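This report describes a protein model with a bound ligand. The sequence and structure are shown first, and the description follows.

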Amino acid sequence: MQRVAIIGAGPAGLTAAYELLKQARDEFAVDVLEADPVHVGGIAWTGEFRGCRFDIGGHRFFSKSEEIEALWTELLGDELITRPRLSRILYDGTFFDYPLKPANALIGLGPRTAVRVLASYARARAFPIDPEVSFADWITNRFGRHLFTIFFKGYTEKVWGMSCDDISADWAAQRIKGLSLAGTVKDALLPRRPGDGAVIKTLIDEFRYPRRGPGQMWEAARDRVQEWGGRVHLGHRVDAVRWQGPLTVEAGGESFETDCLISSMALADLAQILDPAPPPEVLEAARGLAYRDFLTVVLRVQQRDLFPDNWIYIHDPSVRVGRLQNFKNWSPDMVVDPAMTGIGMEYFCSVGDDLWSLDDAALVELGRSELDRLGLAPAAAVLDGTVVRAPKAYPVYDDAYQGRVEIIRRWLAAELPAVQTVGRNGMHKYNNQDHSMMTALLAARNLMGASYDVWAVNTDAEYHERGTPTTVD
Ligand SMILES: Cc1cc2nc3c(=O)[nH]c(=O)nc-3n(C[C@H](O)[C@H](O)[C@H](O)COP(=O)(O)OP(=O)(O)OC[C@H]3O[C@@H](n4cnc5c(N)ncnc54)[C@H](O)[C@@H]3O)c2cc1C
């Protein structure tokens, strides 16, 4: 039997365990080591507060990969429901379609602003910024400065907590490849090509979602892994990986000697718990990788129907909230009592900053007052709430990240060939569940004799949100 230790019981870690045991359970002894004492699912777990279930961010299940779609169906069957999607932008008291529709945007902005938008677009086309270094350059070249300011700048800066001038153009190119104002207008006016259009339309208009939230998918995966003899150890935070002599993972006060390791913990953290420590340049690269953190204020509102959207982007700079989820619009089963509504007020922040450090009661108060101020629900209708903090929600793509990842990746490949890193933070890639899972499938298959380059799984998300004015999920 080959011993495999897997760090993390999120989508990537559980997919790796599932694949190994599904294909070759006589050959592999699998231990999944998860820091969380209670939940599986990583960022895609589902919580519950007094009859209101919530999801960290709202996880749509969609993929261009038929294999991943089939795997989700295999795990949940009819419990994976198809849901209509509605999401809009709230800017200056007006709702705008999301993805952006040119006519709707121009009408909503009024004639004066519309003329300024078109003039600034014409200017950007005539005199494009060259080279495109930053996110601001990339968007301005495709939409014009004015539209950038209205529909990209405020929200993006809330999300990343930094100026759009300091965010790499790579990030925009990866997340919203193929997008431009001209393309958006063309999409709105011309019929789509049959095959491509069907996929895009489907992804935009509907998505799949587990009836009781994304955690249900990962609880099902955990159950199957355990039925097949795999062990899932909760409350086992990995705090050391010893790699000279037998490869040994230390977690929850136990030592797990292993033949190979699949790690979905943050790449930066993995490099820093290696024992012996890697060379200084690898440690320095690891310490330099940055993340954006996230917290959700979950509010129970005593009202049946607040608004029809699954989620709303809040561009208004006068409130701190960045996005709002209405979980019962994701699945009616997200609330026990249909007369109630569970709202997730999403705040992008950094560990230790003013928002992160506010106590829970103050955050619930902030959420309640901002919901009221936005005109979405009166403060008096909010019964109570809770707060969930999610550190390292987003790997940051700054100017230096690629070089840093490359230093760590090369060193690991040369010195620790028995270790494969997978998933979102595991590879410092802005992966959705599907790509995180695909890296895990390939890593598992490598242990069965294949030789895939796990790093080649790309996060090309062109199909993700064509015609999209904002770019973060
Ligand atoms: C706000 C938001 C919205 C999103 N929306 C979508 C969406 O709509 N659709 C979609 O498909 N994807 C979405 N995603 C992305 C999705 O959450 C990730 O792709 C997915 O969760 C990544 O899976 P993973 O297993 O790689 O990592 P994670 O989910 O981060 O899981 C890693 C696991 O490792 C554990 N761990 C970490 N360190 C240690 C340690 N030292 N020892 C032991 N365990 C450890 C963690 O506790 C965690 O359980 C969204 C993400 C965010 C932040």
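## An enclosed helix and the nonpolar cores

Nine of the nine residues of helix H5 (residues 135-143) are buried, so helix H5 is largely enclosed by the rest of the structure. The model is a predicted one. The buried residues of H5 are Phe135, Ala136, Asp137, Trp138, Ile139, Thr140, Asn141, Arg142 and Phe143. After H5 comes Gly144, which has a positive phi, near 90°.

Phe135 also appears in the description of the largest nonpolar core, which has 77 residues. Within this core, the residues with the most contacts are Phe135, Phe151, Val241 and Ile408. The element that gives the most to this core is helix H6 (residues 145-160), with eight residues. Another core, of 44 residues, lies apart from it; among its members are Ala12, Leu14, Trp218 and Trp228.

## The ligand and its surroundings

There are 32 residues around the ligand, and those that come nearest are Glu34, His59, Arg60, Val238 and Asn431. By class, this shell is made up of 12 nonpolar, 14 polar and six charged residues.

Backbone atoms of the protein approach oxygen atoms of the ligand at the following distances.

| Residue (backbone atom) | Ligand atom | Distance |
|---|---|---|
| Ile43 (N or O) | oxygen | 2.8 Å |
| Arg60 (N or O) | oxygen | 2.7 Å |
| Asn431 (polar backbone atom) | oxygen | 2.7 Å |

On its own, the ligand has 1,000 Å² of accessible area, of which the protein covers 92%. Two or more residues of the shell are given by each of helix H1 (11-24), strand E19 (382-395) and helix H17 (433-447).

Where does the ligand lie with respect to domain 1 and domain 3? Domain 1 (2-44 + 67-73 + 212-289 + 398-456) and domain 3 (291-395) both give residues to the shell around the ligand, so the ligand lies between them.

## Glu219 in helix H10

Glu219 is placed in helix H10 (residues 215-227). Is Glu219 buried, partly exposed or exposed? The relative accessible area of Glu219 is 29%, and Glu219 is therefore partly exposed, given that buried means under 20% and exposed over 50%. Glu219 and Gly41 are 178 residues apart in sequence, and their C-alpha atoms are 7.3 Å apart in space.

Methods. Residues are numbered from 1 along each chain as its sequence is written. This is a predicted model: local features need pLDDT of at least 70, side-chain atom pairs count only at pLDDT 80 or more; totals for chains, interfaces and linings use all residues. Side-chain values use heavy atoms; hydrogens and water are left out. A residue is near a molecule or strand if one of its heavy atoms lies within 4 Å of it. A polar contact is a pair of N or O atoms within 3.5 Å; within protein, one must be able to donate a hydrogen and the other to accept it, and residues adjacent in sequence count only if both atoms are side-chain atoms. Accessible areas come from the Shrake-Rupley method with a 1.4 Å probe; for residues, only the protein chains shown count as cover. Helices (H or I, at least four residues) and strands (E, at least two) are DSSP runs, numbered from the N terminus. Ala, Val, Leu, Ile, Met, Phe, Trp, Tyr, Cys and Pro count as nonpolar, Asp, Glu, Lys and Arg as charged, and the others, Gly among them, as polar. Domain bounds come from an automatic or database domain assignment. A nonpolar core is a set of buried Ala, Val, Leu, Ile, Met, Phe, Trp, Tyr and Cys residues joined through side-chain atoms within 4.5 Å. Buried means under 20% relative accessible area, exposed over 50%, partly exposed in between (1.4 Å probe, protein chains only).
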